[in-house]
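Please study the sequence and the structure shown here, and then work through the exercises. Each task is followed by a solution in steps.

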Amino acid sequence: GLLAGLALVASVPPSGNGGLIWRYLLRSPWLAARITWGFATRAFERDVELCKELFFEEDLPDEEAEKYMRLMVENCPKGTRLLDLRRLSASLPVPAVGDASRPPPVLVLGGDADVIVDREALEETAAAHG
């Protein structure tokens, strides 16, 4: 086949981010609100503390975080909806590609301190890919 293998890093599970959202709402409503605000308004592109909270270690120097913020702005065109849940939900579950009887090996990776994609989401993604 064309695909020898696949590596998914901090990937939202094939079923979508609904489970993530509910877990965060139950675990930490304030964090859920910060994540939603950060993505819906793209505030992480303007607020260095929020950007570090969502994507990096909080002790990352501001100058380094600001460098990554500029890259995010440059590489995500204005108008891109980062939380278009209705559109995302309509495209789920994601169908298998290629020969389902012989899927490529999949490596699922994530960080233990990731604020966006939690361990349960990584386990769901791994289980979906065998």
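The exercises below concern confidence, a loop and a helix in a predicted model.

**Exercise 1. Confidence**

Task: Determine which element of the chain has the lowest mean pLDDT and which has the highest.

Solution. Step 1: For the chain, the mean pLDDT is 86, and 85% of the residues reach 70 or more. Step 2: Among the elements, the lowest mean, 64, belongs to helix α5 (residues 85–90). Step 3: The highest mean, 96, belongs to helix α3 (residues 48–55).

**Exercise 2. Two residues of a loop**

Task: Classify E45 and R46 as buried or exposed, and list their contacts beyond the neighbours within four places in sequence.

Solution. Step 1: Locate the residues. E45 lies in the loop between α2 and α3, and R46 is found in the loop between α2 (29–40) and α3.

Step 2: Apply the cut-offs. A residue is buried under 20% relative accessible area and exposed over 50%. E45 has 11% relative accessibility and therefore counts as buried. R46 has 57% and therefore counts as exposed.

Step 3: List the contacts. With those neighbours left aside, E45 is in contact with M69, M72, V73 and K78. On the same terms, R46 is in contact with T41 and M69.

Step 4: Examine the polar atoms. The side chain of E45 makes a polar contact with the side chain of R42, at 2.8 Å. For R46, a polar atom of the side chain lies 3.2 Å from the backbone oxygen of T41.

**Exercise 3. Distance in sequence and in space**

Task: State how far R46 is from M69 and from R70, both in sequence and in space.

Solution. Step 1: R46 and M69 are 23 residues apart in sequence, while their C-alpha atoms are 7.6 Å apart. Step 2: R46 and R70 are separated by 24 residues in sequence and by 9.2 Å from C-alpha to C-alpha. Step 3: R70 is placed in helix α4 (residues 62–75). Its relative accessible area is 49%, so R70 is partly exposed.

**Exercise 4. The faces of a helix**

Task: Explain why the buried residues of α6 line one face of the helix.

Solution. Step 1: In helix α6 (residues 119–128), the buried residues are A121, L122 and T125. Step 2: Viewed down the axis of α6, these residues fall within an arc of 100°, so they line one face. Step 3: R119 and A127, on the other side of α6, are exposed. Step 4: The buried residues of α6 pack against β1 (6–9), α1 (18–27) and β2 (106–109). Step 5: After α6 comes G130, with a positive phi near 80°.

Terms used
Residues numbered from 1 in each chain as written. Heavy atoms only, no water. pLDDT = per-residue confidence, 0-100. Helix = DSSP H or I, 4+ residues; strand = E, 2+ residues; numbered from the N terminus. Buried < 20%, exposed > 50% of the residue type's maximum accessible area, 1.4 Å probe, protein only. Contact = heavy atoms within 4.5 Å. Polar contact = N/O pair within 3.5 Å; in protein donor to acceptor, adjacent residues only side chain to side chain. Arc of directions from axis to C-beta.
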